[in-house]
Amino acid sequence: WMAHPAASAATARRRTYTVSSDRSITQIRELVIRPTLKGIGLWSEAAENLLVGVGLLESGFKLLKQINGPACGYWQIEPATADDLVFRYLNRQSGAVDSDSLIGRLREYLGFSPWSLSPETLHRKLIGDMELGCALARIKFWMDKEPLPEANDINGLAETWLRVYNAGGKGTISRFMFEYALHHGQPMQS
């Protein structure tokens, strides 16, 4: 289903039934996203808003596995992306683990070292471990050379998601903005 900012109110009401309730999204924000980002030392209001938007777009905070596809968890991380983040990037850094490093904070917050898992175990954990999925999604954006836009720049967040996370995918900036506005009452920017 491709939402468009000009979609009718009836269409918007129908769409809300396929996304977790706004109350559930608030809980995911407050109980998963914010504590995870703070726990790994990569929190900002912009990062939090971005990961809420990504979850809305990628899974509606309902799907744990992509329908007819390989992506896993609320942030729909594909196994190849998880492997690249964990076994190429994070594993390369794992020799210098201290409590001030991203690797140290990640291991301490999650309670395990993702790079010590087998690929199969990592992929399986992505399905049900919301903190792991959230952390890896944030690290994917953190690795980008461009800084995040301002927290209230929903268009900028949408552009960042499309460029970094959904490149080559079916997502659109207008769909990101529509879903975010629908579930957060934010005015859509042009």
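Which handedness does the crossing of α3 and α8 have? Keep that question in mind as you open the viewer; we will get to it after a look at the whole chain. The model on your screen is predicted.

**Stop 1: the whole protein**

Colour the protein by secondary structure. You should find nine helices and zero strands. Following the sequence from start to end, you pass through the pattern α-α-α-α-α-α-α-α-α. Of the 190 residues in the protein, 49% are buried. Next, think about contacts between residues at least 6 apart in sequence: 61% of these join residues at least 24 apart.

**Stop 2: the nonpolar core**

Nonpolar side chains tend to be buried together in soluble globular proteins. Here, the largest nonpolar core has 51 residues. Select I33, W75, L90 and F176, the residues with the most contacts inside this core. Several helices each supply at least two residues to the core, and they include α2 (22-39), α3 (45-58), α4 (79-93) and α5 (102-110). Further along the chain, α6 (119-128), α7 (130-142), α8 (154-165) and α9 (173-184) each supply at least two as well. The helix that gives the most is α3, with eight residues.

Now zoom in on I33. Which residues is I33 in contact with, leaving aside its neighbours within four places in sequence? Show I28, E48, L51, V52, F61, W75 and C134 to see them.

**Stop 3: α3 against α8**

Select α3 and α8 together, and you can settle the opening question: their crossing is right-handed. The two helices pack at an angle of about 65°, with their axes 10 Å apart. Therefore α3 and α8 are roughly perpendicular to each other.

Show the side chains where they meet. From α3, pick A46, N49, L50, V54, L57 and E58; from α8, pick L157, T160, W161 and Y165. Sorted by class, this contact has seven nonpolar, two polar and one charged residues.

Stay with N49 for a moment, a residue of helix α3. Is N49 buried or exposed? N49 counts as buried because its relative accessibility is 8%, and the cut-off for buried is under 20%. Setting aside residues up to four places away in sequence, N49 touches R29, A151, L157 and Y180.

**Stop 4: α2 against α7**

Hide α3 and α8, then bring up α2 and α7. The axes of these two helices come within 9 Å and cross at roughly 55°. α2 and α7 are therefore oblique to each other. Their crossing is right-handed.

Where do α2 and α7 meet? Select V32, I33, T36 and L37 in α2, then M130, E131, C134, A135 and R138 in α7. The residues of this contact divide into six nonpolar, one polar and two charged. You may recognise I33 from the core, where it is among the residues with the most contacts.

**Stop 5: α6 against α7**

Keep α7 on screen and add α6. These helices pack at an angle of about 105°, and their axes are 6 Å apart. That makes α6 roughly perpendicular to α7. On the α6 side, highlight L122, K125, L126 and G128; they meet M130, L132, G133 and L136 in α7. By class, the residues here divide into five nonpolar, two polar and one charged.

Which residues of α6 are buried? They are T121, L122, H123 and L126. What covers them includes α4 and α7.

**Stop 6: L90 and L106**

Finish with two leucines. L90 is found in helix α4, and L106 has its place in helix α5. At 0% relative accessibility, L90 counts as buried; L106 also counts as buried, at 1%.

Start with L90. Beyond its neighbours within four places in sequence, L90 is in contact with L85, I103, L106, W115, L136 and I139. Try the distance tool on the C-alpha atoms of L90 and I103: they are separated by 6.9 Å, and the residues are 13 apart along the chain.

Move on to L106. Not counting residues up to four places away in sequence, L106 touches I40, L90, G111, F112, P114, W115, A135 and I139. For one last distance, pick the C-alpha atoms of L106 and A135, which are separated by 7.8 Å, with the residues 29 apart along the chain.

Technical notes: Residues numbered from 1 in each chain as written. Predicted model: local features only at pLDDT ≥ 70, side-chain atom pairs only at ≥ 80, totals over all residues. Heavy atoms only, no water. Core = buried A, V, L, I, M, F, W, Y, C linked by side-chain atoms within 4.5 Å. Buried < 20%, exposed > 50% of the residue type's maximum accessible area, 1.4 Å probe, protein only. Helix = DSSP H or I, 4+ residues; strand = E, 2+ residues; numbered from the N terminus. Contact = heavy atoms within 4.5 Å. Axes fitted to C-alpha atoms, helices over the stretch in contact; angles between N-to-C directions. Parallel < 35°, antiparallel > 145°, perpendicular 65-115°, else oblique. Left-handed = near helix turned anticlockwise from the far one by under 90°. Nonpolar A, V, L, I, M, F, W, Y, C, P; charged D, E, K, R; others polar.
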